[in-house]
Amino acid sequence: MLEKPLIVNVTVDGETKGYKTFAEAWDAANVAGQEATIKLLDNVILEGAKETKADKIILDLNGFTLSEASTRLFDVKGNTELDVVDNSAAGNGQLIASSTNAGKNGAIIVYGTFKALGGTI
């Protein structure tokens, strides 16, 4: 049986670890009082909106697509920051919320700080 490949890297305090699911990576990065970078290694489909707790998360699309088909992508809570970047050579990473529910409430709900510094939303 083939082992599932790593699809996301998380870097905290200079230490990088690979994860097989975005949910595991998000849980490792999204810790109150912490700053972390999440780097996609493949296209990812979210299962439910992700709520920020960490002081700051940098999401590097790395040329890949992060999508959610049933709800919005993120809830950026007060006193937290989510920065989206794309450090790939092509710079063609994307955030896609394809649900009609996302349009009703927005793809990203922001009560804290959100910066789109690269990629396409």
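Strands (E, at least two residues) and helices (H or I, at least four) are DSSP runs, numbered from the N terminus. The model shown in every view is predicted.

**View 1. The loop between β8 and β9, with Asn 79.** Asn 79 sits in the loop that runs between β8 and β9. Its phi is positive, at about 65 degrees, although the residue is not a glycine. Its relative accessible area is 79%, over the 50% cut-off, so Asn 79 is exposed.

**View 2. The loop between β1 and β2, with Asp 13.** Asp 13 belongs to the loop between β1 and β2, the latter spanning residues 15-19. Here too is a non-glycine residue with a positive phi, about 50 degrees for Asp 13. Asp 13 has a relative accessible area of 74%, so it counts as exposed.

**View 3. The largest nonpolar core.** This core holds 26 residues. Phe 22, Ile 38, Leu 59, Leu 66, Phe 74 and Leu 95 have the most contacts inside it. At least two core residues come from each of β1 (8-12), α1 (22-29), β3 (35-40), β4 (44-46), β6 (56-60), β8 (74-76) and β9 (81-85). Helix α1 is the top contributor, giving four residues. In soluble globular proteins, nonpolar side chains tend to be buried together.

**View 4. Contacts around Leu 95.** Neighbours within four places in sequence are set aside here. Leu 95 then contacts Leu 59, Leu 61, Leu 66, Leu 73, Phe 74, Val 84, Ile 108, Thr 120 and Ile 121. Among them, Leu 59, Leu 66 and Phe 74 share with Leu 95 a place on the list of core residues with the most contacts.

**View 5. The aromatic cluster.** Rings pair here if their centres lie within 6.5 Å. By that rule there are two aromatic pairs. In one of them, Phe 22 and Trp 26, the ring centres are 6.0 Å apart and the planes stand at 25 degrees, so the pair is stacked. Both residues lie in helix α1, four residues apart, or about one turn of the helix. Phe 22 and Trp 26 are both buried. Trp 26 also pairs with Phe 74, in a tilted arrangement with 5.5 Å centre to centre and 35 degrees between planes. That pair links distant parts of the chain, 48 residues apart: Trp 26 is in helix α1, Phe 74 in strand β8. Phe 74 is buried, like Trp 26. Together Phe 22, Trp 26 and Phe 74 make up one aromatic cluster.

**View 6. An open three-stranded sheet.** The strand order is β4-β7-β10, with parallel pairing. At the edges stand β4 and β10; each has a single partner strand, so one side of each lacks a neighbour in the sheet. On average, neighbouring strands are turned by 20 degrees against each other, direction ignored. Three bridges connect β4 and β7. Across this pairing, Leu 46 stands opposite Glu 68 of β7. Between β7 and β10 (residues 94-97) there are four bridges. One bridge partner pair is Ser 67 with Ile 96 in β10.

**View 7. The two faces of strand β7.** The strand covers residues 65-68. Thr 65 and Ser 67 point one way. Leu 66 and Glu 68 point the other way. All four side chains belong to buried residues. Leu 66 is also among the residues with the most contacts in the largest nonpolar core.

**View 8. Leu 61 in the loop between β6 and β7.** Leu 61 lies in the loop that joins these two strands. Its relative accessible area is 0%, so Leu 61 is buried. Residues up to four places away in sequence are not counted in its contacts. Leu 61 touches Leu 40, Leu 66, Val 84, Val 85, Asp 86, Gly 93, Gln 94, Leu 95, Gly 118 and Gly 119. Pro 5 lies 56 residues from Leu 61 in sequence, and the C-alpha to C-alpha separation is 17 Å.

**View 9. Asp 83 in strand β9.** Is Asp 83 buried or exposed? Its relative accessibility is 4%, under the 20% cut-off, so this strand β9 residue is buried. Leaving out residues up to four places away in sequence, Asp 83 touches Lys 56, Ile 57, Ile 58, Leu 59, Lys 115 and Leu 117.

Conventions. Residues numbered from 1 in each chain as written. Predicted model: local features only at pLDDT ≥ 70, side-chain atom pairs only at ≥ 80, totals over all residues. Heavy atoms only, no water. Core = buried A, V, L, I, M, F, W, Y, C linked by side-chain atoms within 4.5 Å. Buried < 20%, exposed > 50% of the residue type's maximum accessible area, 1.4 Å probe, protein only. Contact = heavy atoms within 4.5 Å. Pairing = 2+ DSSP bridges. Phe/Tyr/Trp six-rings, centres within 6.5 Å; stacked < 30°, edge-to-face > 60°. Axes fitted to C-alpha atoms, helices over the stretch in contact; angles between N-to-C directions.
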